[in-house]
Amino acid sequence: MEQIRISVPNEIQKVLDRLEANGHEAYIVGGCVRDSLLDRTPNDWDVTTSALPTQIIETFFDHRVIETGIKHGTVAVIVEGQQIEITTYRSDGEYLDNRHPASVTFSKNIRDDLSRRDFTVNAMAYHPKHGLIDLFDGRRDLSNRVIRCVGQAEKRFEEDGLRILRAIRFASVLNFRVEEETARAIHSHSSLLSGIAAERIREEFCKLLTGVGAVRIIREYMDVISVFLPELALCQGFDQNTKYHCYDVLDHTLYALDECETDDLLTRLSILFHDIGKPHCYTEDENGGHFKGHAPIGVDLTEQILRRLRFDNDTVARMKLLVELHDLPIAPQRKSVKRLMQKLSDEDIYRLLELKRCDRLAHASFFREVPPEIFRVPEIMQQIREEAACLTLADLAVKGGDLLAIGIPAGKGMGEILNLLLDAVIEERLANEREALLSYAKQLTFDQQ
Ligand code: ATP
Ligand code: MG
């Protein structure tokens, strides 16, 4: 047996011990073994066991147990406040639809369970006393930094098309390459992804995009990405025909992504989609190519894509703003920055600035200097935050009631006046002080009449 030590969290050790004490086998398995061997922090710790779901429940009779996954053999147990997924050894039946096994068979043999797993690096199990079980040379592939299917790649992708995207997701996140046979099967079977639920695609794609190898993988597997992002495929080879650009639209996008210094998902998505409208508005004159209006078209396409992939409303709304604003200059002045702060959260302003910085660095070499506003805007923002400057109606030193008291009737006119007061304060034409605001309000009512 291999001499390997993985330090297992307390609550997991308790789960393993308790299952064994009740006559069952139990191991940690999958991502947590892989990540521990790579010295990465595991996202979660999964346990696999010979115990049947009912036996797991019996074993943890004195714990809270969540039975939602029980049909597939998964029971979640709460130990020391942690939710731990415990799954019965199983082998999957025939896959009839490229998505789900038609049946699940529980097994007493861990070999069956490891064989059904997707990649060799994900198919290892470990127990602090019994060591590592590595039936498919997962350790060798880890040290060679390779993603390889367990068994025959084509067959494994035919069983579950999502594995195609998972393979390149892991290659991106771990910065691994894909073994040749697996890579060939990914390319030849990419269309299977079109039958996979949008939520599952979204989850894997988001991880891929935030991985360190994202740009390399997207370039290499553009045929796969195109199955669920055909809009991006249209950018491939789309010549920009202008001196400001030396790359086609897709290459420009990927070079921009390569400049990105954060693994923040929204920043990366906004970079990926910022020019997605370009192929739809190309015009040419004696000065070369133009993409007038590509931002608003990009906004619509971004919304379509994100809705199709079942992103939540909040993400859709924020992404639309980033795409809309990506090409507009921001004057490094208090007034403009305040206007921006009315529209976007501070976090999203930082995203917008990063998007603009990366966009610029992916232009033709003579046009790559980062505009100074990128550095100035955060300073101005900080100053405005420190002053707790007035940015919204709620911050204004007068309310509707104050206007009523000086004889301004409630209704649309009052709303307009409040907004004009806010404008004046934001533009620093007027101090956010009660007396000044009331006298300006009177003047405005007078003008309205
Ligand atoms: P992460 O760090 O992202 O959680 P993970 O390896 O734990 O990575 P999960 O999606 O949490 O990935 O799945 C846990 C384990 O279940 C995997 O390591 C793999 O062994 C197995 N698995 C998950 N999805 C599939 C699949 N579609 N086909 C085969 N095995 C799978
Ligand atoms: Mg996991």
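User: What makes the pair formed by an oxygen atom of ligand 1 and the side chain of Arg166 a polar contact?

Analyst: A polar contact is a pair of N or O atoms within 3.5 Å. In this predicted model, an oxygen atom of ligand 1 is 2.9 Å from an N or O atom in the side chain of Arg166, so the pair counts as a polar contact. Lys207 qualifies too, because one of its polar side-chain atoms lies 3.4 Å from an oxygen atom of the ligand.

User: Which numbering and scoring rules apply here?

Analyst: Residues are numbered from 1 along each chain as its sequence is written, and chains are lettered from A and ligands numbered from 1 in the order in which they are written. Local features need pLDDT of at least 70, side-chain atom pairs count only at pLDDT 80 or more, totals for chains, interfaces and linings use all residues, and side-chain values use heavy atoms, with hydrogens and water left out.

User: How do you know which residues surround ligand 1?

Analyst: Good one! A residue is near when one of its heavy atoms lies within 4 Å. For ligand 1, 17 residues surround it, and Arg34 and Asp160 are among the closest.

User: What makes twelve residues of that shell charged?

Analyst: Asp, Glu, Lys and Arg count as charged, so the twelve must be of these kinds.

User: Why are 50% of the 449 residues called buried?

Analyst: Buried means under 20% relative accessible area (1.4 Å probe, protein chains only), so 50% of the residues fall under that cut-off.

Note on methods
Polar contact = N/O pair within 3.5 Å; in protein donor to acceptor, adjacent residues only side chain to side chain.
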